[in-house]
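I opened this notebook page to keep track of what I looked up in one structure, in the order in which I looked. The sequence and the model come first, and my entries come after them.

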Amino acid sequence: MPESNAAASPKGREGNQTLARGLSVLLAIADSKRGLSVQQASELLGVHRSIAYRLLETLADFGLVARNREGVYNPGARLATLAEAYLPTLRDVSRPVMQSLAEKLQSTVSLFVEQGGEAVAIVLVEPTTASHHIAFAPGMRTPLDLGAAAYAILASGPAGPDEPAAVETARELGYARSHGEIEAGAYGVAAWIPTGDTAVRACLNLITYRQDIADGAGPVMRDAADEVGRLLRRP
């Protein structure tokens, strides 16, 4: 069964069970690296194959999923449009700054936002000149108490009673660090973006296996996050 963040038994509000099932299988397909078959969707939702098939075909009708020749449903092109519609200004001003960071530090750089008690990557930029770097897909989620991205997001707000010690350290330094917390052997360095009066808490996050890059990345990440903040405040 493909890995997925979707709940195996969605519990929608009364009257919304079909919608909850559809959204659950859509999230499962988006999270999976191999897509879902009708049988796998049926097992995920705990419903008959005919119900799973109708849900999948409805999603396909709207371009949210696409069925390949083997009968496996993968993310559809319409999902890319929806993704781009989320926080477009933050995405647009962050991308060139992130690309410059990725090239300068020869590492993958991502934009994380706080969402539902998690840190979620919504944009990812890889260096074009490095042959070896860590790659992962947008949509990656981490708990809000684990890893550099989470620490940086928490550090952008007031101190909390149960926050990790790394968050206080991040406030002192201006950036957060972690090692091996999200991926074994990987270093994370993140700096929160001063987003002003918006309700979104966000950060730029770098991930690398090279300690020498991580050791020097903090101030560079801080400057880049501040640059994004300045671009956001432009009229």
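The entries below go from the whole chain to single elements and then to pairs of side chains.

**Entry 1: the chain as a whole**

I note at the outset that this is a predicted model, and I read every value below as computed from it. I counted eight helices and eight strands in the protein chain, and I found that buried residues make up 44% of its 235 residues. I then looked up the accessible surface, which comes to about 12500 Å², with 52% of it belonging to carbon and sulfur atoms. For the contacts I took those between residues at least 6 apart in sequence, and 54% of these join residues at least 24 apart.

**Entry 2: helix 1 and its neighbour**

I turned to helix 1, residues 17-31, which has 15 residues and reaches 21 Å from its first C-alpha to its last, close to the 21 Å expected at 1.5 Å a residue. I listed its buried residues as Ala20, Arg21, Gly22, Ser24, Val25, Leu26, Ala28 and Ile29. Ser24 caught my attention as a polar side chain on that list, and I looked up its value: Ser24 counts as buried because its relative accessibility is 10%, which falls under the 20% cut-off. A polar atom of the Ser24 side chain lies 2.9 Å from the backbone oxygen of Ala20.

I next asked myself which residues Leu55 touches, leaving out those up to four places away in sequence. They are Thr18, Arg21, Gly22 and Leu45, and of these I had already met Arg21 and Gly22 among the buried residues of helix 1. Leu55 itself lies in helix 3, residues 49-61, and is buried with a relative accessible area of 12%. The C-alpha atoms of Leu55 and Val25 are separated by 8.3 Å, although the two residues are 30 apart along the chain.

**Entry 3: strands 3, 4 and 5**

I asked how many residues of strand 4 are buried. In strand 4, residues 118-125, seven of the eight residues are buried, so this strand is largely enclosed by the rest of the structure. I then followed its pairing on both sides of the sequence. Strand 3 and strand 4 pair in the antiparallel sense over seven bridges, and within that pairing I noted Val123 in strand 4 as the bridge partner of Leu111. The two strands form a hairpin with two residues between them, and Gly116 in the turn has a positive phi of about 60°. Strand 4 also pairs with strand 5, residues 141-143, in the antiparallel sense over three bridges, and there I found Val120 standing opposite Arg141.

The positive phi of Gly116 made me look for a further case. Most residues other than glycine have a negative phi. Gln106, however, has a phi near 55°, a positive value in a residue other than glycine. Gln106 sits in the loop between helix 5 and strand 3, and it counts as partly exposed at 27% relative accessibility.

**Entry 4: salt bridges**

I closed with the charged pairs, of which the structure holds eight as salt bridges, and I looked up three of them. Side chains of opposite charge can pair when their charged atoms come close.

The pair of Arg201 and Glu114 has its closest N and O atoms 2.7 Å apart. Arg201 lies in the loop between strand 7 (187-193) and strand 8 (202-208) and Glu114 in strand 3, so the pair ties together parts that are 87 residues apart in sequence. Arg201 is partly exposed at 24% relative accessible area, and Glu114 is likewise partly exposed, at 27%.

The pair of Arg95 and Asp92 is a local one: both lie in helix 5, residues 88-105, three residues apart, about one turn of the helix. Their closest N and O atoms are 3.8 Å apart, which I checked against the 4 Å limit for a salt bridge. I recorded Arg95 as partly exposed at 27% and Asp92 as partly exposed at 49%, the latter value being under the 50% above which a residue would count as exposed.

For the pair of Arg171 and Glu163, I found the closest N and O atoms 2.7 Å apart. Arg171 is partly exposed at 26% relative accessibility, and Glu163 is partly exposed at 22%.

Key: Residues numbered from 1 in each chain as written. Predicted model: local features only at pLDDT ≥ 70, side-chain atom pairs only at ≥ 80, totals over all residues. Heavy atoms only, no water. Salt bridge = Lys/Arg side-chain N within 4 Å of Asp/Glu carboxyl O. Helix = DSSP H or I, 4+ residues; strand = E, 2+ residues; numbered from the N terminus. Buried < 20%, exposed > 50% of the residue type's maximum accessible area, 1.4 Å probe, protein only. Polar contact = N/O pair within 3.5 Å; in protein donor to acceptor, adjacent residues only side chain to side chain. Contact = heavy atoms within 4.5 Å. Areas by Shrake-Rupley, 256 points an atom, 1.4 Å probe, with all protein chains shown as cover. Pairing = 2+ DSSP bridges. Expected span 1.5 Å × (residues − 1).
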